[in-house]
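This report describes selected features of a protein chain. Please examine the sequence and the structure shown below before reading on.

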Amino acid sequence: MMSGTSTDGVDVALTRISGRGLDTNVHLLSFATYSFTPQMRHRILHLVSASTEEICEMNFILGEILANCALKLLPHAGYKPEQIDFIGSHGQTIYHLSGAAGRRNSTLQIGEGAIIAARTGVITVCDFRPADIAAGGTGAPLVPYADFVLFRKKGKVRALLNLGGIANVTIVPEKLDEVIAFDTGPGNMVLDGLVEIKYQGRKRWDVGGHIAARGKVDKSLFRDLMRHPYLKRQPPKSTGRETFGAAFVVDLWIKAQGMPFADLMATAAYFTAASIHRNFEKFIFPRFAVDEIFVSGGGWHNRTLMTFLASLFRPIPVCQLDELGMNGDAKEAVAFALLADATIQGLPASAPQATGAERPAILGKIIL
Ligand SMILES: Nc1ncnc2c1ncn2[C@@H]1O[C@H](COP(=O)(O)OP(=O)(O)O)[C@@H](O)[C@H]1O
Ligand SMILES: [Mg+2]
């Protein structure tokens with residue numbers, strides 16, 4: 001189970017796993033996203049500056065929500081909780097400190113695993129990130145190990161691009177210790193933020209990218225956006241709402257006063273695509289001859305964003321992850337099933353060169 005920075009809902013994947021370590025196979029049996037109510041989403045988004053009391057309580061409330069999500073998917077897929085070996089739950093990140101000046105690397109995911117285990121009666125693995133921080137890393141990204149296990153292909157260099165709230169990429173060459181992965185910047189976050197201001201919460205995102213498709217890119221605003229320092233920062237790097245959330249979006253909204261909304265959306269979509277491409281130019285293409293790019297995450301559904309990406313990356317094909325037989329919306333939840341499997345087997349499942357850790361770590365905490 002996974003809930004990302006978009007805070008759109010909980011992704012639940014039911015999988016059948018066989019094999020071990022790098023030879024693990026995962027078959028997706030069923031998948032659903034259960035949306036948060038607007039009130040719950042609002043509470044989660046406010047946790048960044050909430051009281052300790054609120055955080056304490058929300059850890060348990062989210063635990064109940066996660067347990068319910070698991071229990072909802074099972075009958076739908078024709079399974080009973082007794083048939084499930086374990087649950088892997090990422091939880092909701094409410095804060096992540098990595099490489100901040102004068103601050104200790106640290107991270108906090110909530111959604112109490114003890115509640116999930118108690119309500120479902122299923123062994124639950126949660127809290128994946130701290131073990132990597134204990135090993136000297138930043139605790140993110142953790143999906144690269146899963147990307148390597150699931151999608152490596154002899155003789156090819158594949159890029160796995162996930163367009164969640166933030167966009168992140170994993171480069172999968174033939175060897176695990178050559179994998180690189182980092183956040184490129186915004187995925188849907190800036191686009192969603194603009195829609196939220198314009199429609200005051202009546203619309204959640206630009207469905208299909210139709211609004212952006214009607215607009216025209218404002219060159220001067222685009223150039224200004226491309227000067228953002230995150231684009232130049234050397235990986236390993238990660239980012240989030242602190243950088244591309246409400247403050248960034250409000251600033252952009254003010255800068256674009258008088259511009260038709262469709263043009264602002266087109267410009268933000270083009271910036272999102274170009275920021276991804278710029279990171280490839282600076283940090284990936286000098287080291288890897290990328291053969292193909294596979295896109296997962298909600299951003300795939302934004303056709304305007306995808307058209308921009310395809311034209312920027314041409315002649316490298318930008319494909320849907322589904323072409324590799326994996327539902328792109330389910331990828332991150334599937335990854336945490338695979339990571340939980342490694343935990344249960346006592347195997348490390350991090351990619352130290354992606355997180356900056358000194359050694360691979362066995363991730364997660366197990367609630368029996
Ligand atoms: N039909 C759609 N059209 C355009 N954008 C969409 C569509 N469906 C989902 N999205 C985008 O995908 C986001 C959710 O993507 P997701 O991969 O779940 O991100 P996260 O991992 O951050 O939760 C939404 O906030 C929205 O921006
Ligand atoms: Mg999501």
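## The five-stranded sheet

In this predicted model, five strands form an open sheet with mixed pairing, in the order β9-β8-β7-β10-β11. The edge positions belong to β9 (180-186) and β11 (318-320); each has a single partner strand, so one side of each lacks a neighbour in the sheet. From one strand to the next, the twist averages 25°.

Strands of a sheet pair through backbone hydrogen bonds, and the pairing is either parallel or antiparallel. Strand β8 (residues 166-172) pairs with β9 in the antiparallel sense, over six bridges. Within this pairing, V169 has F182 in β9 as its bridge partner.

## A helix across the sheet

Helix α5 (residues 143-151) lies across three strands, namely β7 (158-163), β8 and β9. Its direction is at about 50° to β8.

## The hairpin of β1 and β2

Strand β1 (residues 9-18) is largely enclosed by the rest of the structure, because seven of its ten residues are buried. Strand β2 (residues 25-35) runs antiparallel to β1, and ten bridges join the two. T15 stands opposite L28 in β2.

Six residues lie between the strands of this hairpin. G19 takes a positive phi there, near 80°.

## A nonpolar surface patch

Which residues make the nonpolar surface patch of about 270 Å²? The patch is made by V48, Y95 and L108. V48 belongs to the loop between α1 (38-45) and α2 (52-76). With a relative accessible area of 52%, V48 counts as exposed, because the cut-off for that term is over 50%.

How values were computed
Residues are numbered from 1 along each chain as its sequence is written. Chains are lettered from A and ligands numbered from 1 in the order in which they are written. This is a predicted model: local features need pLDDT of at least 70, side-chain atom pairs count only at pLDDT 80 or more; totals for chains, interfaces and linings use all residues. Side-chain values use heavy atoms; hydrogens and water are left out. Patches are made of residues with over 30% relative accessible area and no salt bridge: like charges are joined within 9 Å, nonpolar side chains (Val, Leu, Ile, Met, Phe, Trp, Tyr) within 5 Å. Accessible areas come from the Shrake-Rupley method with a 1.4 Å probe; for residues, only the protein chains shown count as cover. A salt bridge is a side-chain nitrogen of Lys or Arg within 4 Å of a carboxyl oxygen of Asp or Glu. Helices (H or I, at least four residues) and strands (E, at least two) are DSSP runs, numbered from the N terminus. Buried means under 20% relative accessible area, exposed over 50%, partly exposed in between (1.4 Å probe, protein chains only). Two strands pair if DSSP finds at least two bridges between them. Axes are lines fitted to C-alpha atoms, for helices over the stretch in contact, and angles run from 0 to 180 degrees between N-to-C directions. Contact means heavy atoms within 4.5 Å.
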